[in-house]
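Student: Could you take a close look at one part of this protein with me? I'd like to see how two neighbouring pieces of the chain meet, and then what else turns up along the way.

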Amino acid sequence: MASSSANALFSSSLAPSIPESPLFSISNSSVSLNLLPTLHSSSFISSSRCNFIPIRSVLKTVETLELHTSDLADPTFPNTRSTILVAEKLGEAGLKLLRSFGDVDCAYDLSPEQLCAKISSCDALIVRSGTTVNRQVFEAAKGRLKVVGRAGVGIDNVDLQAATEFGCLVVNAPTANTIAAAEHGIALLTAMARNVAQADASMKAGKWERNKYVGVSLVGKTLAVMGFGKVGSEVARRAKGLGMQVIAHDPYAPVDRARAIGVELVSFNQAISTADFISLHMPLTPTTSKIFNDDTFALMKKGARLINVARGGVIDEDALVRALDSGVVAQAALDVFAEEPPPKDSKLVQHKNVTVTPHLGASTKEAQEGVAIEIAEAVVGALNGELSATAVNAPMVAPEVLSELAPYVVLAEKLGRLAVQLVAGGSGIKSIRVVYRTGRTPDDLDTRLLRAMITKGIIEPISDNHINLVNADFTAKQKGLRISEERVEVNAPPEFPVDTIQILISNVESKFASAVSENGEVAIEGKVKYGVPHLTRVASFNVDVSLEGKLILCRQVDQPGMIGRVGSILGENNVNVNFMSVGRMTRKKRAIMAIGVDEEPNKESLRKIGEVPAVEEFVFLNL
Ligand SMILES: NC(=O)C1=CN([C@@H]2O[C@H](COP(=O)(O)OP(=O)(O)OC[C@H]3O[C@@H](n4cnc5c(N)ncnc54)[C@H](O)[C@@H]3O)[C@@H](O)[C@H]2O)C=CC1
Ligand SMILES: O=C(O)C(=O)COP(=O)(O)O
């Protein structure tokens with residue numbers, strides 16, 4: 001269907017043109033979320049630590065669905081290997097894993113222009129904190145880039161909004177460098193307290209200044225851990241071992257976890273006003289940007305000491321220089337800076353009471369090997385179309401949930417496709433209601449994947465946008481499409497996650513009046529039967545057709561001989577009919593005939609069907 005005319009179906013066409021990006025794409029007849037390459041990929045074996053779908057379970061999914069290999073075949077596989085650009089130094093074990101899967105291009109220290117020039121030939125990009133992956137990079141990728149892997153925790157150098165808009169998955173490696181960062185925090189804390197760096201520099205300059213470098217003790221002092229996540233809690237644990245009193249501030253941390261380590265969670269003001277040492281471990285977000293500024297330094301105990309292994313941007317660096325000059329902050333130990341590397345003449349870096357390291361928190365051999373493996377597995381998994389356990393901008397769906405939902409994913413997309421084709425052009429779809437009937441407690445049903453596929457089914461036939469799990473909600477919003485969901489518990493076998501899926505589109509005109517319910521909504525319903533998606537209801541007409549190939553829906557006066565007449569018109573046009581189903585409301589009144597055909601009938605045949613006296617209306621639909 002032409003995208004330009006069909007775009008008029010949406011009341012808002014503000015959406016940027018999102019180029020094709022085949023991550024998680026689900027083709028008309030396949031359900032494998034592009035999992036097929038996994039079936040061929042014998043060289044890659046994921047570790048049990050990651051949330052990968054084991055190869056055996058993928059095979060099982062395919063068998064259960066009774067899909068034909070032709071449905072799943074990727075014509076470009078296995079000749080096409082993915083290209084993975086590694087833009088910053090990555091551990092050898094990770095590189096080895098990546099090389100076993102695709103072509104790896106290690107190109108360090110690229111300028112922004114060089115990165116943009118290279119990116120359109122890459123399927124994946126792996127970076128650390130030194131590369132800015134902004135909107136220009138996604139634009140320059142021209143839709144090819146499927147995944148950005150951040151080999152570390154902080155994703156503040158990746159424009160997540162742009163990634164989402166372009167349907168590009170962002171994954172990180174959130175666990176492998178936790179201990180390294182915590183150890184570095186403790187290293188800075190102790191080095192600062194005992195002036196290790198300054199004394200070292202002094203001795204190397206030929207001096208022996210014992211009185212100048214008298215330090216402060218840690219035991220019995222209060223440490224405030226700001227951000228009680230993975231790194232923060234490991235710092236707290238270690239500081240307790242040094243005999244410190246540890247308090248923490250984190251608006252989202254569970255009290256139980258803090259209590260288990262013997263840490264009291266307190267308010268921001270309480271933390272910074274009572275602590276002797278303040279260690280920062282929160283992410284850089286719009287909320288935490290420059291959260292340490294003139295006002296907050298003024299609240300600190302005079303002579304407080306600050307450690308930052310989180311992100312430079314959480315501190316207003318000019319304000320910190322002022323606080324150091326006035327003695328409000330006695331010392332600071334910094335691993336991270338607002339601008340990296342900081343300017344050579346940075347007053348902060350040069351300050352005598354400041355100890356600095358060049359963003360070394362994650363830089364241990366062990367952490368870098370771990371991070372490299374963690375990110376390589378996540379990137380390869382994503383290129384295989386698997387839903388990632390470390391996705392930053394997409395829902396994470398457990399493999400067992402995915403496997404269970406697989407046939408319903410196909411149903412959801414096909415119903416979406418069907419519903420949108422029933423809407424007359426120009427009506428302006430604004431609001432779609434999806435009703436899931438389930439034999440389980442409605443809370444037990446994770447519908448994110450189904451909603452994404454309904455969105456894909458609705459948008460793709462009428463636009464150029466390629467929809468995947470990453471950009472489905474965003475694209476719907478951009479198109480002014482509101483998708484609401486209802487889960488209704490019904491008396492159905494609870495071993496199946498969904499009994500029926502119903503799609504209702506309100507305030508639109510239909511090409512096929514019989515698809516409009518008494519409430520004035522275009523309404524269709526389907527269910528999975530023996531692993532195959534079926535259309536089971538069109539407005540108030542019950543039908544039963546498998547959602548495969550192409551479909552003619554035809555409303556007629558219920559009378560004998562109709563199947564034969566329409567069938568012979570199609571036969572004359574060499575159109576193979578693969579099924580027919582008649583659903584009626586009242587005997588001898590009106591019925592809907594659903595005819596599945598292998599080929600699209602020519603205009604002449606469609607005209608002849610329309611001229612059969614008992615046929616009141618009909619519509620041809622591509623599934
Ligand atoms: N210097 C380095 O090389 C490294 C730096 N990091 C940085 O350390 C930080 C923490 O990393 P993880 O512990 O792994 O992340 P995490 O996500 O486990 O912990 C962050 C914690 O900060 C909390 N938080 C969010 N907003 C907050 C606020 N306004 N006030 C207080 N707490 C807030 C969150 O609730 C969370 O518990 C990140 O910024 C990360 O980028 C991490 C590893 C190495
Ligand atoms: O993981 C993080 O957030 C870090 O800051 C580590 O950064 P890096 O990968 O060493 O550039």
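Tutor: Let's start with the domain assignment, which splits the protein chain of this predicted model into four pieces. Domain 1 is made of residues 83–172 plus 368–384, and domain 2 takes 177–356. After those come domain 3, at 397–536, and domain 4, at 540–622. The meeting of domain 3 and domain 4 is the part to zoom in on.

Picture the centres of those two domains, taken over their C-alpha atoms: they sit 24 Å apart. Where the domains touch, 16 residues of domain 3 are in contact with 18 residues of domain 4. Putting the two together buries about 1600 Å², and carbon and sulfur atoms account for 59% of that area. On the domain 3 side, look for Phe 512, Ser 514 and Leu 535: this trio supplies 38% of what domain 3 buries against domain 4, more than any other three residues.

What about charges and polar atoms here? Side chains of opposite charge can pair when their charged atoms come close. Between domain 3 and domain 4 the count is one salt bridge. Lys 529 and Asp 544 form a salt bridge, with 2.8 Å between their closest N and O atoms. Across the same interface, 10 residue pairs are in polar contact, with both residues at pLDDT 80 or more. As for which elements domain 3 brings to the side touching domain 4, α18 (399–421) and β17 (532–538) each give two or more residues. Sorted by class, that side of domain 3 has nine nonpolar, four polar and three charged residues.

While you're on this stretch of chain, find Glu 611, which is in helix α22 (residues 603–611). Its side chain makes a polar contact of 2.5 Å with the side chain of Arg 607. Now jump to Val 532: it is 79 residues from Glu 611 along the chain, and the C-alpha atoms of the two are 33 Å apart.

Next, swing over to the ligands. 25 residues surround ligand 1, and the closest are Lys 230, Val 231, Asp 250, Val 309 and Asp 335. The side chain of Asp 335 has an N or O atom 3.0 Å from a nitrogen atom of ligand 1. His 359 reaches ligand 1 through its side chain too, with an N or O atom 3.3 Å from an oxygen atom of the ligand. Arg 311 also has a polar side-chain atom 3.3 Å from an oxygen atom of ligand 1.

Hang on to Arg 311 and His 359, as both are also among the residues around ligand 2. Others in that set include Arg 128, Arg 150, Gly 152 and Asn 177. Ser 129 puts a polar side-chain atom 2.5 Å from an oxygen atom of ligand 2. Val 153 uses its backbone instead, with an N or O atom 2.6 Å from an oxygen atom of ligand 2. Gly 154 does likewise with a backbone N or O atom, at 2.8 Å from an oxygen atom of ligand 2.

Arg 311 has one more partner to show you: Asp 156, with which it forms a salt bridge whose closest N and O atoms are 2.9 Å apart. This pair ties together distant parts of the chain, 155 residues apart. Arg 311 is in the loop between β10 (304–308) and α15 (317–326), while Asp 156 is in the loop between β4 (147–150) and α8 (160–165). For the whole model, the count comes to 29 salt bridges.

Finally, two backbone oddities. Most residues other than glycine have a negative phi, and most peptide bonds are trans. Lys 142, in the loop between α7 (135–140) and β4, has a positive phi of about 50° although it is not a glycine. The peptide bond from Glu 340 to Pro 341 is cis, with omega near -10°. You'll find Pro 341 in the loop between β11 (329–334) and α16 (347–350).

Note on methods. Residues are numbered from 1 along each chain as its sequence is written. Chains are lettered from A and ligands numbered from 1 in the order in which they are written. This is a predicted model: local features need pLDDT of at least 70, side-chain atom pairs count only at pLDDT 80 or more; totals for chains, interfaces and linings use all residues. Side-chain values use heavy atoms; hydrogens and water are left out. Domain bounds come from an automatic or database domain assignment. Contact means heavy atoms within 4.5 Å. Buried area is the accessible area (1.4 Å probe) that two parts lose on being put together, summed over both. A salt bridge is a side-chain nitrogen of Lys or Arg within 4 Å of a carboxyl oxygen of Asp or Glu. A polar contact is a pair of N or O atoms within 3.5 Å; within protein, one must be able to donate a hydrogen and the other to accept it, and residues adjacent in sequence count only if both atoms are side-chain atoms. Helices (H or I, at least four residues) and strands (E, at least two) are DSSP runs, numbered from the N terminus. Ala, Val, Leu, Ile, Met, Phe, Trp, Tyr, Cys and Pro count as nonpolar, Asp, Glu, Lys and Arg as charged, and the others, Gly among them, as polar. A residue is near a molecule or strand if one of its heavy atoms lies within 4 Å of it.
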